[in-house]
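Visitor: Please take one part of this model and examine it closely, beginning with a single residue and following its surroundings outward. I should like the cut-offs stated as the terms arise.

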Amino acid sequence: MIWGVFSDVHSNIEALEAVLDAFKRHDVEGFVCCGDLVGYGPSPNEVVERVAGLKPLHAVIGNHDLAVIGRMDLAWFNPYAQAAAIWTRWKLSKEASGFLEAMPTRLETPEFTIVHGSPRSPSEEYLLTPQQFVDNQAHYKISPCFVGHSHLTWCFSKDEANPFGAKTHILADRERVVCKPNIPWVINPGSVGQPRDHDQRASCGVYDDVKREFTLLRVPYDIPTVQARMKEAGLPDFLIMRLAYGQ
Ligand code: ZN
């Protein structure tokens, strides 16, 4: 089966629609979402409704989703994220809030594991270093493990030549990796709604669970429209500006 893998949409419906169009072009049959549907952007209800309608869908909750529904302390966030979370709380419909409430913090299917941050700390840890990848190996059984949270397209795998080591790099647009069975893999598809690697295009991936092949995709979308809607909503200027720079 071919899965569309995405994360960190952050209430950006324009970016999400562009990614879903790209998934269609790549014959995607099912969806994997690594959390943070809301926070930062101007369209929380539209994003939650759109994702809730995707079938079949495996989705986990992210730290921003948890903050918006009152299950994570806002003190954990920077002032811009706090302001956006408070705005989102005020804006979020009962139905959207109910959908977020029902999402688990981790999911394991026969094909892969899904968490937002890391297997050992799904709602908090940013998985960024080879050592963290090694330390997390005892906390999941099914590979690849898809993660989000850092908004960066990290790919980690066990270094077979060195049992205590890891191979790691940032995936580029159209780059393919074949996830060799029986060794641990962690893949981050990057962020749909707020990329932070100086590439302002939405980021996502396609995973073929028969070939065990993951392909990273970057997708352009209409950034000025999102920025205009954020301005209208009174969201912080810093969050509006950063979309144009991809950081
Ligand atoms: Zn995020």
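**From one residue to the sheets around it**

Guide: Apart from residues up to four places away in sequence, V192 touches F6, S7, D8, V9, A15, L16, V19, A202 and S203; contact here means heavy atoms within 4.5 Å. The model is a predicted one, in which local features need pLDDT of at least 70 and side-chain atom pairs count only at pLDDT 80 or more, while totals for chains, interfaces and linings use all residues. Numbering starts from 1 along each chain as its sequence is written, and side-chain values use heavy atoms, with hydrogens and water left out.

V192 is among the residues with the most contacts inside the largest nonpolar core, together with F6, L16, F23, L37, L100 and Y221; this core has 51 residues. Helix α1 (residues 13–25) gives the most to it, with eight residues. A second, separate core has 18 residues, including W3, L171, I183 and F214. A nonpolar core is a set of buried Ala, Val, Leu, Ile, Met, Phe, Trp, Tyr and Cys residues joined through side-chain atoms within 4.5 Å. Buried means under 20% relative accessible area, exposed over 50%, and partly exposed in between, with a 1.4 Å probe and protein chains only. Helices (H or I, at least four residues) and strands (E, at least two) are DSSP runs, numbered from the N terminus.

Two of the residues touched by V192, A202 and S203, lead into strand β11 (residues 202–208). Seven of the seven residues of β11 are buried, so this strand is largely enclosed by the rest of the structure. Both of its faces are covered, with A202, C204, V206 and D208 on one side and S203, G205 and Y207 on the other.

β11 also has partners in the backbone pairing, where two strands pair if DSSP finds at least two bridges between them. Strand β1 (residues 2–6) runs antiparallel to β11 and is joined to it by four bridges; V5 stands opposite G205, and G4 opposite V206. Four of the five residues of β1 are buried, so β1 too is largely enclosed by the rest of the structure. β1 pairs as well with strand β2 (residues 30–33), in the parallel sense and over four bridges, with G30 as the bridge partner of W3. Strand β12 (residues 213–219) is antiparallel to β11 and joined to it by seven bridges, and S203 stands opposite R218 in β12. The hairpin of β11 and β12 has four residues between the strands, and R212 takes a positive phi near 55° there.

S203 and R218 also appear in the surroundings of T153, which touches H169, I170, L171, N188, P189, G190, D197, S203, L216 and R218, not counting residues up to four places away in sequence. T153 lies in the loop between β6 and β7 (154–158) and is buried, with a relative accessible area of 1%. Its side chain makes a polar contact, reaching the backbone oxygen of L171 at 2.8 Å. A polar contact is a pair of N or O atoms within 3.5 Å; within protein, one must be able to donate a hydrogen and the other to accept it, and residues adjacent in sequence count only if both atoms are side-chain atoms.

β6 and β7 belong to an open sheet of six strands with mixed pairing, in the order β4-β5-β6-β10-β7-β8. β4 (106–108) and β8 (166–170) stand at the edges with a single partner strand each, so one side of each is left without a neighbour in the sheet. Strand β6 (residues 145–146) runs parallel to strand β10 (residues 185–187) and is joined to it by two bridges; the bridge partner of F146 in β10 is I187.

To return to the residues that V192 touches, A15 leads to N12. N12 is placed in the loop between β1 and α1 and counts as buried at 1% relative accessibility. A polar atom of the N12 side chain lies 3.0 Å from the backbone nitrogen of A15, and the N12 side chain reaches the backbone oxygen of G193 at 3.2 Å. Beyond residues up to four places away in sequence, N12 touches V47, G193, Y221, V226 and L243.
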